[in-house]
Amino acid sequence: RIIGTEALVRWRHETRGMILPTEFIPVAEQSGLIVALGGWVLRTACAQAAQWQADYPGKPPLTISVNLSPRQLAEPELLATVVGALRDSGLPSSSLCLEITEGSLIRDVESTLLTLGSLKAIGLRLALDDFGTGYSSLSYLQRLPVDIVKIDRSFVAELGQRQQERQIVAAVVELARALGLSVTAEGIETRAQLDVLREIGCDNGQGYLRSAPVPADQLDALLAQGLGTTPVPAPRGSAEEAPVSRA
Ligand code: MN
């Protein structure tokens with residue numbers, strides 16, 4: 001069952017064609033343009049999610065996840081930007097999930113914790129993205145006000161082939177459960193990986209097995225199918241979304 005989507009950004013350049021985020025996000029992060037770009041992504045994603053909720057009503061309502069960069073997280077305007085995006089779109093805060101990485105936390109942990117606390121206070125959810133690739137993962141898990149742990153694709157890639165990865169993922173699921181968190185597996189590409197994740201008891205997953213990232217307007221068929229409802233009007237929006245399905 002589809003429970004939500006994650007907003008992924010692409011840059012369709014006039015002469016250079018499609019530019020992937022691995023190319024332009026680091027430049028935007030370094031130059032500071034990420035703050036404006038991230039604000040646009042957030043507003044676009046919230047508007048699109050509100051539209052999907054209207055077109056495909058489900059229980060619980062579809063969620064949308066938006067990635068936050070370290071620089072955005074350090075930006076004093078972040079809370080106002082998030083509140084504005086929710087207000088303008090009409091999306092309930094409980095339907096928005098903001099994803100952060102452990103890399104965001106290296107600089108100033110105390111002020112980051114304050115920011116995360118203020119975001120949680122407006123009712124949205126927080127996810128720790130790419131879990132297992134950063135530093136001090138375990139201590140952060142305990143201190144951070146996150147709701148969801150997303151297991152990095154590098155662990156998921158080896159599932160079904162290597163026993164060691166299975167044990168790592170199983171341990172993360174168990175740890176998350178002990179801390180009252182839910183677990184999402186990233187980068188599920190094969191049926192074998194999905195089967196192992198189900199056995200382990202992983203809550204949710206995302207990846208090419210469900211769908212490659214697609215433009216927002218191509219997601220309707222999947223949503224109609226995945227939610228068991230009939231689409232109402234035509235979709236709109238330019239952010240690209242990757243559907244998330246229950247593992
Ligand atoms: Mn993410």
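1. In this predicted model, the buried residues of helix α4 are Leu78, Val82, Gly84, Ala85, Leu86 and Ser89. Their packing partners are α2, α3, β5 and α5, the last comprising residues 109-121.

2. Helix α4 itself runs over residues 78-89, 12 residues in total. From its first C-alpha to its last it reaches 17 Å, close to the 16 Å expected at 1.5 Å a residue. Glycine 90 follows α4 and has a positive phi, near 80°.

3. Val82, one of the buried residues of α4, deserves separate mention. Together with Leu96 and Leu98, Val82 is among the residues with the most contacts inside the largest nonpolar core, which has 63 residues. Helix α2 (residues 34-55) gives the most to this core, contributing 7 residues. In soluble globular proteins, nonpolar side chains tend to be buried together.

4. Which residues are in contact with valine 82, leaving aside its neighbours within four places in sequence? They are Leu42, Leu96, Leu98, Leu119, Ile122 and Leu124.

5. Helix α8 (residues 163-178) can be checked for its length. With 16 residues at 1.5 Å each, the expected span is 22 Å, because the expected span counts one less than the number of residues. The end C-alpha atoms of α8 are 23 Å apart, which agrees.

6. Within α8, the buried residues are Glu165, Val169, Val172, Val173 and Ala176. These residues cover an arc of only 100° around the axis, and therefore lie on the same side of α8. Gln163, Gln167, Glu174 and Ala178, on the other side of the helix, are exposed.

7. The buried residues of α8 pack against strands β6 (125-131), β7 (148-151) and β8 (182-185), and against helices α7 (153-157) and α9 (191-200). Just after α8, glycine 180 takes a positive phi of about 75°.

8. The largest pocket holds about 990 Å³ of space. Of the 36 residues that line this pocket, the closest to its centre are Glu6, Leu8, Pro21, Asn67 and Asp129.

9. Which elements give two or more residues to the lining of the largest pocket? The strands are β1 (2-8), β4 (63-67), β5 (96-101), β6 and β11 (240-245). The helices are α1 (21-31), α2 and α3 (70-74). Several of these elements appear in the points above: α2, α3 and β5 pack against the buried residues of α4, while β6 packs against those of α8.

How values were computed. Residues are numbered from 1 along each chain as its sequence is written. This is a predicted model: local features need pLDDT of at least 70, side-chain atom pairs count only at pLDDT 80 or more; totals for chains, interfaces and linings use all residues. Side-chain values use heavy atoms; hydrogens and water are left out. Helices (H or I, at least four residues) and strands (E, at least two) are DSSP runs, numbered from the N terminus. Buried means under 20% relative accessible area, exposed over 50%, partly exposed in between (1.4 Å probe, protein chains only). The arc is that of the directions from the helix axis to the C-beta atoms. Contact means heavy atoms within 4.5 Å. A nonpolar core is a set of buried Ala, Val, Leu, Ile, Met, Phe, Trp, Tyr and Cys residues joined through side-chain atoms within 4.5 Å. On a 1 Å grid over the protein atoms alone, a cavity is a set of points where a 1.4 Å probe fits but cannot get out, and a pocket is an open set with protein on both sides within 12 Å along at least five of seven lines; lining residues have an atom within 4 Å of a point. Grid points are joined across faces, edges and corners, and a volume is the space filled by probe spheres set on the points.
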